[in-house]
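Colleague: I'm new to this, so could you take a close look at one part of this model for me? Start from a single spot and work outwards, please.

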Amino acid sequence: MIDARQHVIGKLIPFDEETITVSTTAIGLTSAKLTSSPRPKKVIITVETAKIRYWMSGTAPTATVGHLMSPLDSLVLEGYSQLNNVKFIRKGSSDGTISVSYLRLIFYFYFFN
């Protein structure tokens, strides 16, 4: 039984990051980073170079179909489905790069008397 004086507060903290090259084959986030323990709950993505497209459903985008992102655009994904299903592909003739920050949940327990 949880004592009414105990409060659990969770905070997301960054724990890992990477730069991914987005080319002519649809690519998702790095699986080893998604399966670390504890698992990430959220990612922040910034497009660094060329335009890219993405889908969050697990379907592969194409150079002409998918949400469009340009350099300096950012995207926040949260939850298992979005993190595991997102796929990116370049839009034009140049490869793009994305910077990804991974965040996981940590818990703080506070007891009040």
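**A loop and what surrounds it**

Modeller: Let's start at Leu72, which sits in the loop between strand 4 and strand 5. Keep in mind that we're looking at a predicted model. Leu72 has a relative accessible area of 76%, and because anything over 50% counts as exposed, Leu72 is exposed. Its backbone is worth a look too: phi of Leu72 is near 80°, a positive value in a residue other than glycine. Most residues other than glycine have a negative phi.

Now step out of the loop on either side. Going forward takes us into strand 5, where the side chains alternate. Leu75 and Leu77 point to one face and are buried, while Ser74, Val76 and Glu78 point to the other face and are not buried. So what does strand 5 pair with? It pairs with strand 2, in the antiparallel sense, over five bridges. Two of the bridge partners are easy to find: Leu75 goes with Ile45, and Ser74 goes with Thr46.

Strand 2 plays the alternating game as well. Val43, Ile45 and Val47 point to one face and are buried, whereas Lys42, Ile44 and Thr46 point to the other and are not. Put that next to the bridges: Ile45, buried in strand 2, is partnered with Leu75, which is buried in strand 5. Thr46, which is not buried, is partnered with Ser74, which isn't buried either.

Let's stay with Ile44 for a moment, which belongs to strand 2. Is Ile44 buried or exposed? Neither, quite: because its relative accessibility is 36%, which lies between the 20% and 50% limits, Ile44 counts as partly exposed. Beyond its close neighbours in sequence (up to four places away), Ile44 touches Leu75, Val76, Ser99, Val100, Ser101 and Leu103. Val100 is a nice one to follow up: Ile44 and Val100 are 56 residues apart in sequence, yet 5.7 Å apart in space, C-alpha to C-alpha. Leaving out residues up to four places away, the contacts of Val100 include Asp16, Ile20, Leu29, Val43, Ile44 and Ile45.

That leads us to the inside of the chain. The largest nonpolar core has 18 residues, and Leu29, Val43, Ile45, Phe88, Ile98 and Val100 touch the most other members. Strand 1 (6-22), strand 2 (42-47), strand 3 (52-55), strand 5 (74-78) and strand 7 (96-111) each supply at least two residues of this core. In soluble globular proteins, nonpolar side chains tend to be buried together.

Now go back to the loop and leave it the other way, into strand 4. An open sheet of three strands has the order 4-3-6, with antiparallel pairing. Strand 4 (67-69) and strand 6 (87-90) are at its edges with a single partner strand each, so one side of each has no neighbour in the sheet. Neighbouring strands of this sheet are turned by 30° against each other on average, direction ignored. Strand 3 and strand 4 are joined over three bridges, and Ile52 stands opposite Met69 in strand 4.

This region also has an aromatic pair, one of two in the structure. The rings of Tyr54 and Phe88 have their centres 6.1 Å apart and their planes at 40°, so the pair is tilted. Tyr54 is in strand 3 and Phe88 in strand 6, so the pair ties together parts that are 34 residues apart in sequence. Both Tyr54 and Phe88 are buried.

One more backbone oddity, away from our loop: the peptide bond from Ser37 to Pro38 is cis, with omega near -10°. Pro38 is in the loop between helix 1 (31-34) and strand 2. Most peptide bonds are trans.

Finally, zoom out. The chain has two helices and seven strands, running in the pattern β-α-β-β-β-β-α-β-β along the sequence. Of its 113 residues, 29% count as buried. Residues 24 or more positions apart make up 78% of the contacts with a separation of 6 or more; Ile44 and Val100, 56 residues apart in sequence, touch one another.

Conventions:
Residues numbered from 1 in each chain as written. Predicted model: local features only at pLDDT ≥ 70, side-chain atom pairs only at ≥ 80, totals over all residues. Heavy atoms only, no water. Helix = DSSP H or I, 4+ residues; strand = E, 2+ residues; numbered from the N terminus. Buried < 20%, exposed > 50% of the residue type's maximum accessible area, 1.4 Å probe, protein only. Contact = heavy atoms within 4.5 Å. Core = buried A, V, L, I, M, F, W, Y, C linked by side-chain atoms within 4.5 Å. Pairing = 2+ DSSP bridges. Axes fitted to C-alpha atoms, helices over the stretch in contact; angles between N-to-C directions. Phe/Tyr/Trp six-rings, centres within 6.5 Å; stacked < 30°, edge-to-face > 60°.
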